[in-house]
Amino acid sequence: MSNSESREVDLIKDPGLPAHVHRRTDTDPVAAKRAERQVAILFSLSALGTLLLIFSFIFVSDETFFFIPVMGQTNAHQLGIGLGMAIALFCIGAGAIHWAKTLMPDEEIVVQRHEFRSDDEDRADFVKTVKEGAENAGLGRRPLIKRTLGAALGLSGLTPLLLLRDLGPLPGDDLKKTNWKAGTRLVTDPGDRPIRPEDLEVGAVAQTQPEFAEGKERHLEDIAKDAVLLIRMRPEEFNLDSERLSWTYEGIIAFSKICSHMGCAVALYEQTTKHLLCPCHQSTFDVTRAAKVIFGPAARPLPQLAITVDAQGYLVAQAPFTEPVGPSFWGRLS
Amino acid sequence: MTARERVAGNVASYVDDRTGGAKWMKKNLQKVFPDHWSFLLGEICLYSFIILLLSGTFLTFWFDPSMREVVYEGAYEPLQGVKMSAAYASALEISFEVRGGLLMRQIHHWAALIFMVGIVVHLMRVFFTGAFRKPREFNWIIGVGLLTLGIVEGFLGYSLPDDLLSGTGIRIAEAIIQAIPVVGSYLSYFAFGGAFPGLAFIPRIYVVHVLLLPGIFLALITVHLMLVWYQKHTQFPGPGRTEKNVVGYPLMPVYMAKAGGFFFIVFGVTAFLGAVASINPIWLYGPYNPGQVSAGSQPDWYMGWLDGLVRMSPPLETYLFGYTVSWNILIPGLILPGIMFTGLALYPFIESWITGDKREHHLLDRPRNAPNRTAIGVMALTFTLVSLINGGNDIIATTFDLTINQMMWFSRIAIIVLPPIAFIVTKRLCLSLQRADRDLVLHGRETGRLVRMPSGEFVEVHEPITPEKAWLLTSHEQLAPLELPEIDGAGVRRPAAIRNKIRNRISRAHAVAVPKATETERRELEGHH
């Protein structure tokens, strides 16, 4: 410390606040008058802005479009209202600031700060008051009160948790189930038409949903778990074990479309590489190897749906998904 | 006395008769504020918050926060006949059928972006100038709270219209909730009132977005400003400015005009953006459907760095006794942000632990004079910036003709390598700048004038700098590092030796500085010249 203290003594001196320099508007009445006019012009411009807003709001139809370079086809109604408002507000601000900077006093004022710390006497008094207060309440001397109060307060914290219980049902095994069952037909989404293998050419992709019984409505909660992608390729392009191969049908393979990472729709299929890509976080899945993750943050392949055809020749599920679809959760495997 | 003066006098006595506040009012109307452009950053946040309240209230008059399914029959032809939520349909109504509605929606969204930019840049100003030091630690913590809530509030805001992009964002938020060990799927079912997306979520976040969080904001902002008022604003160093005074202009009339005017300027600029710059064109995305997604899905910028962390995370998942822990979601989605925000909130206490400095500070630091702090700040910014860049990796890849894999690997390596490099480079730069300051004080300014000496030698003429400048460059304090005892008087290692040793070590690193020029040195050199 001694080193730094000696340096502080040897400081270059503070020359103090520089002398005030007058502005032109302080010394020259003509300049002051000019500044006054400038402020008035800015305020008048603001008024014009409001008039533009009123005019555009009432008299310009919202079907009037015109061309502006850079912005392209522009709606005159919207633009008039917006620009009018912008001009009206901006010019009030610019006028006020110009006024403050040119015509209001610009001499700097110096005021003293005071340390926040109170003097020792006040602090001692304060500490004493707190001590006495605590003493008078007798918390220290009556441990029974202290403990029961602590327990009561702690327990009462459970009340909001309990009252919030009915925010939603318990998940149960809801997250592990989908509407896919053995024999459920795959239908197009949108359109709800059953699909025959020959409807899909090699290289084609289709988004499908499980067929619902007449009258049952498809909600977003269903789509969030049921969405399935069908992809057709040449059977010899698959690189699957015999079980997974038996889940495909004539080169058609089906995967859950809900990303195993965070549940986005895995919507991008690259035909040349046979990769599926999730646009949210770029997890990339190799379709030929049962949607193995080859890139990105996803940790698991997309669940594969075993498919075949029914007696009428339509594509159906052989069985439900063998694992939960969508993002991971704690009890996923239990 | 003119009529106007009489009116002013009457108003003042009317107020004082009823409140007895004459003394208090006089004192506070003459409150002095130091002037610096960077002190306007916090004002921008306050004003955009007011703009958000005004434009947001306008939007609530038409917005229907309901996930009830409707068939759209409004003015926007491409979506006529499409099934969508009432929330999305009413957001379209605001955009196409309410006059000025689109403008207000765009003002609301732009104001939110400006609010968040304002907070982050204001935070950087406060950090790099050391304005968070005693006695302002509380206000720093409130600020960090406002930043955190701002991110949440913004996310909820762009989730409300229930378009395809916002639904995708909610889906990702749901996956983060669901990934929380043990209770995740329960929390998700409580939040969504059942399976995702359900019908409950939009009405619930609507109340949080328009009532709960704005209320908390209002309370925190009030306390934030009251503390600024009570503790008086910090000021930059300069001639005549000390730890014991405030140099500036009075509230009335100068700051009332300036600050009031600045509110209108911020509002005007926001309105201009709302008028000419399209933002979040929800009609292009279509209604949310969990089976669809648009390519190039991007969150707003203040969420972008979180999304970037999630994108670059390695595919780590562990299976413990049959239970799944998704590190690929937990680390970037909860653990890292948790560490970063906690570290940010605690920084004032960490620094005062390092320096052992418990005094009040009202004069700001020039960033170069606190090399270690500046380097830590730039390191954190570099980390966030790499994450933010990776949050737009798909857009960058398509724009610059890169592959997504190149982008991802760049980010994965850069996020580990670049922050330490940024730390070292920044620290060296700060010390170089200190050296330059020292040279400037001792040798003066280079004039660019070359003079040929009688001996034939060429020298450049240096001009001494003004006393004001010399003071500015040397008035900062250079604290010596801590020297806590590691061995006691009897030569025995103290129990706290290891802790003290670490603290001494960090303190030494923090106190590295180029010795500033002293008066003696200056005089000696002047004698030479």
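Which residues of the largest nonpolar core touch the most other members? Keep that question in mind for a moment while we settle how to read the picture. This is a predicted model, in which local features need pLDDT of at least 70 and side-chain atom pairs count only at pLDDT 80 or more, while totals for chains, interfaces and linings use all residues. Residues are numbered from 1 along each chain as its sequence is written, and chains are lettered from A and ligands numbered from 1 in the order in which they are written.

Now for the answer: Leu89(A), Leu305(A), Ile307(A) and Phe115(B) touch the most other members of this core, which has 168 residues. A nonpolar core here is a set of buried Ala, Val, Leu, Ile, Met, Phe, Trp, Tyr and Cys residues joined through C-beta atoms within 7 Å. A residue is buried if 20 or more other C-beta atoms lie within 10 Å of its own, exposed if 12 or fewer, and partly exposed in between, with the C-beta atoms placed from the backbone. Apart from the largest core lies another core, of seven residues, among them Ile12(A), Val441(B), Trp471(B) and Leu472(B).

Leu89(A) is a good residue to click on. Leaving out residues up to four places away in sequence, Leu89(A) touches Phe264(B), Phe267(B), Gly268(B) and Ala271(B). Two residues are in contact if their C-beta atoms, placed from the backbone, lie within 7 Å.

Let us step back to chain A as a whole. Its secondary structure comes to nine helices and 14 strands; helices (H or I, at least four residues) and strands (E, at least two) are DSSP runs, numbered from the N terminus. The radius of gyration of chain A is 37 Å, well over the 20 Å that the globule rule gives for 334 residues, so chain A is more spread out than a compact globule. That radius is taken over C-alpha atoms, and the globule rule is 2.2 Å times the number of residues to the power 0.38. Along the principal axes, the C-alpha atoms of chain A fill a box of roughly 100 × 80 × 55 Å. Buried residues make up 32% of the chain. The domain assignment gives domain 1 (22-102) and domain 2 (175-317) of chain A, with C-alpha centres that lie 58 Å apart. These bounds come from an automatic or database domain assignment.

Next, find the open sheet of five strands in chain A, with the order β4-β5-β6-β7-β12 and antiparallel pairing. Its edge strands are β4 (186-188) and β12 (304-305) of chain A, each of which pairs on one side only. Two strands pair if DSSP finds at least two bridges between them. Three bridges join β4(A) to the antiparallel strand β5 (residues 205-210) of chain A, and Thr188(A) has Thr208(A) as its bridge partner in β5(A). Strands of a sheet pair through backbone hydrogen bonds, either parallel or antiparallel.

Val316(A) is found in strand β14 (residues 315-317) of chain A. Why does Val316(A) count as buried? It counts as buried because it has 23 C-beta neighbours inside 10 Å. Not counting residues up to four places away in sequence, Val316(A) touches several residues, including Gly183(A), Leu186(A) and Ile307(A).

Where do the two chains meet? The contact takes 81 residues from chain A and 96 residues from chain B. On the side of chain A that touches chain B, α4(A) gives the most, with 16 residues. By class, that side has 53 nonpolar, 16 polar and 12 charged residues; Ala, Val, Leu, Ile, Met, Phe, Trp, Tyr, Cys and Pro count as nonpolar, Asp, Glu, Lys and Arg as charged, and the others, Gly among them, as polar. Strands pair across the chains too: β3(A) and strand β4 (residues 245-250) of chain B are antiparallel over four bridges, with Ile109(A) opposite Gly248(B).

Chain B itself has 19 helices and eight strands. Of its 529 residues, 41% count as buried. Its domain assignment gives domain 1 (29-290) and domain 2 (429-528), and their C-alpha centres lie 44 Å apart.

We can finish at a hairpin in chain B, formed by β7(B) and β8(B) with five residues between them. Gly456(B) in the turn has a positive phi of about 100°. The two strands pair in the antiparallel sense over five bridges, and Leu450(B) has Glu460(B) as its bridge partner in β8(B). Strand β7 (residues 445-452) of chain B is hardly covered, as the count of buried residues among its eight residues is zero.
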